[in-house]
Amino acid sequence: MSAEIRTARASDIDALVALENAVFDSDRISRRSFRQLIERETAETLVAEKDGCLAGYAMVLFRKGIGVARLYSFAIGPGFAGMGLGRLLLERVERVSYDHGRMMLRLEVREDNARAISLYEQNGYRRIGREADYYEDGMAALRFEKTLRGDVPVGTRVPFYEQTCDFTCGPCCLMMAMANFDRSFVPDPIREIRLWREATTVFMMSGTGGCEPFGLGVAAYENGLSAELFVSFYGALFLQSVRSEEKRRVMELAQVDFRTRAEQYGIPVHYRSFSIDDVRAALAAGKLVVVLISGYLMFGKKVPHWVLAIGDDGTHILMHDPWIEDERRETMSDAANVPVPYDIFMQMAQFGRDGLRAAIILGKPDAP
Ligand SMILES: CC(C)(COP(=O)(O)OP(=O)(O)OC[C@H]1O[C@@H](n2cnc3c(N)ncnc32)[C@H](O)[C@@H]1OP(=O)(O)O)[C@@H](O)C(=O)NCCC(=O)NCCS
C-alpha cells in the first residue's frame, strides 16, 4: 500500500470538507474551522494521500502548557477504508505529538463506533473514561489515552519493579535502585513491605502512610546505598490535609527521627528546589534519582507519588514509574523507561499547594 502522509495545506480544504461530509453525519468540522485549524500553531492537520486523492486526515491539538496532545478529528474516506491507512495515520499522529514534546495522546470516540475503538485498542490505547451525552445526537463518548514513547524501548539496564500496594511507590523506587547497583539483589514483595516499614511516617494525607524524602534517604542508606536529598523547604512535610491531631503528632515525630538519623549518617541535604540540571548531573554521574511527583498528569489524581529517574536522552528524562494501573489497562510499556520531556518532568515534579519539590539521589555507597 503506497500512501503519503503530509501536513495539510490551505489548498486541501475543499477535499477535507468533502471527506468530512462523506464520513460524518453530525459534529462536522466546518470549512471555516478547517481553515483556522490548519493555520493554527497549536494544531497539526495531517492528510493521507493515495493515488493523488485525499484519502483521510487526522487533526491533533497541542494546548499550551500541558503534556498531552489531543486527537481532535480523524477519518478515512469511504473508498479507502480497511486498507491500513487509519493505522498508518494514527502512528504518524503519535510520532508528531511525541516530537512536539507531548508524553500522552488522548481522544474521544463515539461509544457505538466499534471500528475506531478496535483500532485504538489494537494500537495500545487504554480506556480512561466515559462521558454521557457528549455528541450532538446524545451519544456517549469513550475517552482513551496512550503514553507516547517515540523509539524509546521498554527494557533498560535498570531493573523495573511494579509496586504491589498502592502506598509503596517510594520503597519500590529504592528497590529498583538497589537492584541496579547490586546485581545480586532481586526485588520482591516482602522486601517491598519491609522497606516501606522502614521509610513510612505511618500516616500520610488522608490515606495509608506513604514515605517522605528523609525516610527514603535513611532507608536507602541503611540498605547500602549512598543518598543525597533535595527538599524545597524546611519543616514538616505532607501535613496540609491531615486533620487528626494524633496522626499529625505521629507523622511529626517520625519525621524528626528521620531527619536526626539523616544527619547522623552524614546524608547531604539541600534545602532548595532541585533543577532539571541537578537531575541531569546526577544521572550523568551514573546515579539514579527518586523524585516526588503529583499523580495528576500521570493518572488524574492529586496524590503524592515517587518515580525513579533513570536516564536522560538530551531532551527527556527517562523514568520508571512503579505504578501500573490495571483499571486503566496500563502495561509495563506505560510505566517503564517512559520518556518525559524536561519541561513536563519539572511540571510533574512538585506536590501540593506549596509546590514541594523533593528528590533523593541514589548511588553506590561511598568508598570508606
Ligand atoms: C476508524 C477509521 C479511521 C479506521 O480507518 P481504516 O483506514 O479503515 O482502518 P485500517 O484499515 O487502518 O484498520 C485498522 C483497524 O481498524 C479496525 N477495522 C478496520 N476495518 C474494520 C471493519 N470493517 N470492522 C471493524 N473493525 C475494522 C481493525 O481493528 C483494523 O485492524 P486489523 O486490520 O488489524 O484488524 C475509519 O473507519 C473511519 O474513518 N471511520 C469513520 C470516522 C471515524 O470513526 N473516525 C474516528 C473518530 S474517533
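**Figure 1. Overall fold of the chain.** The secondary structure of the chain comprises eleven helices and 16 strands, shown here in a model that is predicted. Along the principal axes, the C-alpha trace extends over about 75 × 45 × 35 Å. Of the 368 residues in the chain, 54% are buried. Among contacts with a separation of 6 or more, 64% join residues that stand 24 or more positions apart.

**Figure 2. The two domains and the contact between them.** The domain assignment divides the chain into domain 1 (4–147) and domain 2 (169–363), and the C-alpha centres of domain 1 and domain 2 are 37 Å apart. To the contact between these domains, domain 1 gives 16 residues and domain 2 gives 15 residues.

**Figure 3. The nonpolar cores.** The largest nonpolar core has 83 residues, and the members that touch the most other members are L71, Y120, W306 and L362. Helix 5 supplies the largest share of this core, namely ten residues. Because domain 1 (4–147) and domain 2 (169–363) both give residues to this core, the core lies between the two domains. A second core, separate from this one, consists of 28 residues, including M103, F230, F274 and A282.

**Figure 4. Packing of helix 5 against helix 6.** Two packed helices are described by the distance between their axes and by the angle between those axes. For helix 5 (residues 169–181) and helix 6 (residues 189–199), the axes come within 9 Å of each other and cross at roughly 115°, and the crossing of helix 5 with helix 6 is right-handed. On the helix 5 side the contact is made by P171, C172, L174, M175 and M178, which meet R191, E192, L195 and W196 of helix 6. Sorted by class, this contact of helix 5 with helix 6 contains seven nonpolar and two charged residues, with no polar residues.

**Figure 5. Surroundings of Q163 in the loop before helix 5.** Q163 is located in the loop that runs between strand 7 (141–147) and helix 5. The relative accessibility of Q163 is 5%, and therefore Q163 counts as buried, the cut-off for this class being under 20%. When neighbours within four places in sequence are left aside, the residues in contact with Q163 are T168, C169, C172, E192, H305, P322 and W323. Two of these residues appear again in the helix pair of Figure 4, where C172 belongs to helix 5 and E192 to helix 6. Q163 and A349 are separated by 186 residues in sequence, and their C-alpha atoms are 20 Å apart in space.

**Figure 6. Two loop residues with positive phi, D51 and N337.** In D51, a residue other than glycine, phi has a positive value near 50°, and N337, which is not a glycine either, has a positive phi of about 50°. D51 is found in the loop between strand 2 (43–50) and strand 3 (53–61), while N337 lies in the loop between strand 14 (316–320) and strand 15 (338–341). With a relative accessibility of 66%, D51 counts as exposed, because that class takes residues over 50%. N337, by contrast, has a relative accessibility of 5% and so counts as buried.

Methods
Residues numbered from 1 in each chain as written. Predicted model: local features only at pLDDT ≥ 70, side-chain atom pairs only at ≥ 80, totals over all residues. Heavy atoms only, no water. Axes fitted to C-alpha atoms, helices over the stretch in contact; angles between N-to-C directions. Left-handed = near helix turned anticlockwise from the far one by under 90°. Contact = heavy atoms within 4.5 Å. Nonpolar A, V, L, I, M, F, W, Y, C, P; charged D, E, K, R; others polar. Core = buried A, V, L, I, M, F, W, Y, C linked by side-chain atoms within 4.5 Å. Buried < 20%, exposed > 50% of the residue type's maximum accessible area, 1.4 Å probe, protein only. Domains from an automatic or database assignment.
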